[in-house]
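Work through the exercises below with the sequence and the coordinates at hand. Try each task before reading its solution.

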Amino acid sequence: MNTPSPIRTTCPYCGVGCGVLVRRDGEAYSVRGDPEHPANFGRLCSKGAALGETLSLDDRLLHPEIHGELVDWNTALDTVAQRFARVIAEHGPDAVAFYVSGQLLTEDYYVANKLMKGWIGSGNIDTNSRLCMSSAVAGHKRAFGSDTVPGCYEDLELADLVVLVGSNAAWTHPVVFQRLVAAKKARPAMRVVVIDPRRTATADLADLYLSLKPGSDAWLFNGLLNHLKREDAVDWAYLETHVDGFGAALRAVSGLTIPSVARECGLTEADVATFFRWFAQTPKTVSVFSQGINQSSSGVDKVNSIINAHLATGRIGQPGAAPFSITGQPNAMGGREVGGLANQLAAHMDFTPDDIDRVGRFWRAPNMAQQPGLKAVDLFEAVHDGRIKALWIMATNPAVSLPMADRVIEALRRCPFVVVSDVVARTDTSVHAHIKLPAAAWGEKDGTVSNSERRISRQRAFLPPPGEVRPDWWIVAEVAKRMGFAQAFTYDAPSAIFGEHAALSGFENAGTRDFDISGIFPESYDKPQAAQWPITRQGGTPRLFADGHFFTPNGRARMVPITPRAPVNLPNAAHPYILNSGRIRDQWHTMTRSGKAARLLAHIDQPFVEIHPSDARALGLKDGALARLHNAHGEMLARVLESREQQVGSVFAPIHWNRQFTGHGRVDALIQGVTDPISGQPEFKQTPVALASYAAQWFGFVMARDALDCATQPGYWARVRGKACWRHELAGSESATAWPARMRDWLALSGDWIEMQDGGASRYRGALIDNGRLLAVYFLERQADRLPPRHWLESLFERDSLSEAERGALLLGRPSQGVPDNGRVVCACFGVGEHSLTQAMAEGAQSVEALGIRLKAGTNCGSCIPELKRLLQST
């Protein structure tokens with residue numbers, strides 16, 4: 001029998017845009033990297049490698065719902081159209097809004113943007129991409145006249161100096177990072193500088209690591225610009241020919257010296273001098289920046305301070321020389337292309353009279369929006385105060401991801417009409433929806449995405465849509481038809497939408513706008529090879545601006561004079577610590593997809609707060625215990641993780657956890673709604689908080705074959721998916737004496753209980769077994785460090801029947817001698833545990849390469865390699 005060819009599609013996680021091959025394997029699907037895709041050449045990270053484990057339907061939204069009741073599509077769509085139309089008729093078009101997502105495909109984005117800005121007549125469509133890269137967009141437009149990423153991934157391999165600033169690429173963009181690792185290994189003379197207040201896994205590759213003071217990036221790059229001038233490293237001929245504003249930009253930095261920059265940034269003069277010298281002496285330099293730069297109240301200025309250094313030296317558009325903004329989401333770039341941001345029109349056009357007229361004529365739109373809409377934080381503030389009365393949220397979870405998340409929830413509760421299109425039945429956001437619409441998930445969607453290097457790739461369906469699921473573009477188009485706009489929304493397939501999108505990009509363009517993909521359709525739409533825009537009949541464009549021509553009115557780039565500003569949010573006596581938030585290695589956004597793969601929760605399974613040991617001691621916090629983070633906006637409970645990689649006075653917490661996985665783990669409940677005045681991007685990296693020990697009377701965990709409802713549980717809880725069970729981590733401030741009885745009621749299962757109780761020590765242990773099969777187990781202790789490791793107990797749920805030895809050791813929580821326990825997972829790609837690694841090291845595997853040969857650890861995405869190195873150093 002012939003084996004069917006794999007489906008070529010694109011990973012739905014980060015902005016790297018990896019190609020994947022999906023093949024049906026019985027009832028399951030196997031996923032591997034596409035060796036022919038130019039973004040990843042066959043590599044996948046831990047998340048991409050686990051995609052086949054996220055396709056279950058157990059949590060899916062499969063049918064339209066109104067107020068929690070199933071309805072047919074016609075009823076749901078008619079209701080959405082009628083309610084939006086009524087609000088517009090009574091209050092005007094600016095009383096409605098869409099909030100969309102970089103998880104949408106370009107075709108979905110295009111239709112939603114067209115409906116809002118062309119037919120409803122409001123600019124009130126914004127995207128969660130506002131939260132991750134809108135400062136880069138604004139910085140690009142100030143410098144280049146267009147939102148153009150000038151370089152490509154290959155530049156990281158060709159550069160002699162790579163500067164990573166505000167980017168933990170080893171964890172957030174691991175496939176691109178491994179390309180850099182391989183390049184440095186092949187060319188040892190290549191230098192890498194990592195600039196980040198928190199020493200992350202990325203810094204392990206660094207020849208120079210700069211742990212600068214939070215928020216001081218603009219001081220550093222302004223100082224670099226002045227150093228370039230003082231050391232005669234400025235390309236004056238390039239500036240005279242291709243750049244405006246360089247005089248003012250250079251004057252703005254004239255007083256900065258290496259000592260003054262070192263003081264402002266909290267660095268040594270020697271390290272600052274080394275960085276400046278390397279940059280000045282290295283023509284082939286790439287500066288990679290990400291959320292650490294963008295997510296700031298002065299993010300746009302920081303972006304331009306980096307770009308200024310590249311313009312001053314002419315290091316742009318050349319192989320191995322560019323400023324490079326690396327985006328977070330799989331289609332954040334595609335959303336920018338179609339005008340998904342509230343301050344943009346489609347095809348990289350703006351709210352200028354000429355562009356409004358041009359897009360209106362192309363669309364034949366009767367009611368073009370005449371001005372930008374509300375940006376994300378302002379949009380939800382308008383929902384809160386009643387200006388927006390109808391809101392449609394697509395493929396995102398703002399109740400978790402936006403600043404002041406509790407206020408966002410309050411806004412959703414106040415809003416008269418909320419529609420949510422999503423793939424899962426229950427999120428922190430969708431519980432507040434009046435109407436829920438079932439949208440197609442990855443594997444069911446067909447269309448395109450654009451990655452961080454402007455590469456457009458196809459996403460192809462390999463699964464039939466379950467239940468009554470529909471693509472987002474279809475849902476929006478059907479609502480548009482019911483609002484009376486049928487003539488403009490007659491699409492029958494994603495290719496028709498993309499054809500219109502491509503045609504608009506070339507409409508009255510003639511090289512005056514950077515975004516032009518008119519050469520891609522229809523000939524190239526379904527070809528396997530992905531191309532980088534601008535795309536002509538001759539193909540894609542890896543780099544832009546090599547000819548010194550930019551997309552400003554006079555064709556010259558602009559250097560912007562930057563005056564560094566202190567962060568708006570500064571610590572104070574009541575809230576003396578600075579909270580930095582961000583991603584971790586194996587999770588994505590709010591875990592609606594990544595949380596379905598047990599192996600992705602095996603490395604880090606609960607929300608945590610990373611804190612320097614000296615701060616932990618001062619606060620009476622112990623590693624692994626629970627801490628309460630709080631300020632005027634909210635609170636968070638998290639496990640304490642002591643780390644000397646964290647600066648004293650600063651803490652870090654991940655963005656992913658929410659009320660579907662833990663009771664008090666939403667870090668964005670703490671984040672203030674301070675934004676950059678130009679981009680509207682929130683300051684996620686600089687939030688004053690206070691910390692205190694969580695005064696728990698007991699700690700414990702419950703494992704069961706099905707997830708338990710924890711919503712009413714007092715105190716701390718976190719729910720973790722395992723291979724064959726769910727683990728529920730618990731802590732409480734009430735007495736533990738009632739727990740055995742509560743456990744029986746909570747589980748509501750029949751079987752044989754075996755239990756061990758010591759009330760005086762607050763020690764309770766129990767297991768429920770039915771015909772030799774383990775159904776549930778619980779452990780409670782007065783102190784968290786007395787609880788046994790979870791790995792072996794979890795493995796027992798994979799058995800059809802327990803052995804006598806396993807049953808005898810069950811309430812001890814540890815295997816008897818001779819029974820293997822792999823320990824905490826370090827390599828998520830291959831499920832390699834810490835105990836397996838240490839045993840291999842003891843048996844002679846004394847290098848990362850040797851561990852890879854023996855256990856495969858570190859041989860896929862490589863993001864566990866820094867941890868492997870630390871384990872090797874500790875043995």
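Four exercises with worked solutions follow.

The model is predicted, so local features need pLDDT of at least 70, side-chain atom pairs count only at pLDDT 80 or more, and totals for chains, interfaces and linings use all residues. Residues are numbered from 1 along each chain as its sequence is written, and side-chain values use heavy atoms, with hydrogens and water left out.

**Exercise 1.** Determine how many disulfides the structure holds, and examine C18 and C45.

Solution. Step one is the criterion: a disulfide is a pair of cysteine sulfur atoms within 2.5 Å. Step two is C18: the closest cysteine sulfur belongs to C11 and lies 6.0 Å away, too far for a bond. Step three is C45: its sulfur is 5.8 Å from the closest cysteine sulfur, that of C861, again too far for a bond. The structure holds 0 disulfides. Next comes accessibility, where buried means under 20% relative accessible area, exposed over 50%, and partly exposed in between (1.4 Å probe, protein chains only). C18 is buried at 7%, and C45 is buried at 10%.

**Exercise 2.** Describe the burial and pairing of strand 27.

Solution. Helices (H or I, at least four residues) and strands (E, at least two) are DSSP runs, numbered from the N terminus. Strand 27 covers residues 698–704, and 7 of its 7 residues are buried. In a regular strand the side chains alternate between the two faces of the sheet. Here W698, G700, V702 and A704 point one way, while F699, F701 and M703 point the other way. Two strands pair if DSSP finds at least two bridges between them. Strand 27 pairs in the antiparallel sense with strand 29 (residues 726–732) over 7 bridges, and G700 stands opposite L730. Strand 27 also pairs in the antiparallel sense with strand 32 (residues 773–781), over 6 bridges; there M703 stands opposite V777.

**Exercise 3.** Locate the backbone exceptions at R454, N771 and P534.

Solution. Most residues other than glycine have a negative phi, and most peptide bonds are trans. R454 has a positive phi near 70°; R454 sits in the loop between strand 17 (447–450) and strand 18 (455–459) and is buried at 0% relative accessibility. N771 has a positive phi near 55°; N771 lies in the loop between strand 31 (763–770) and strand 32 and is exposed at 72%. The peptide bond from W533 to P534 is cis, with omega near 0°, and P534 is in the loop between strand 19 (531–532) and strand 20 (557–558).

**Exercise 4.** Which residues does S134 touch, not counting those up to four places away in sequence?

Solution. S134 is in helix 4 (residues 134–144) and is buried at 2% relative accessible area. Contact means heavy atoms within 4.5 Å. With that cut-off, S134 touches S129, S679 and Q681.
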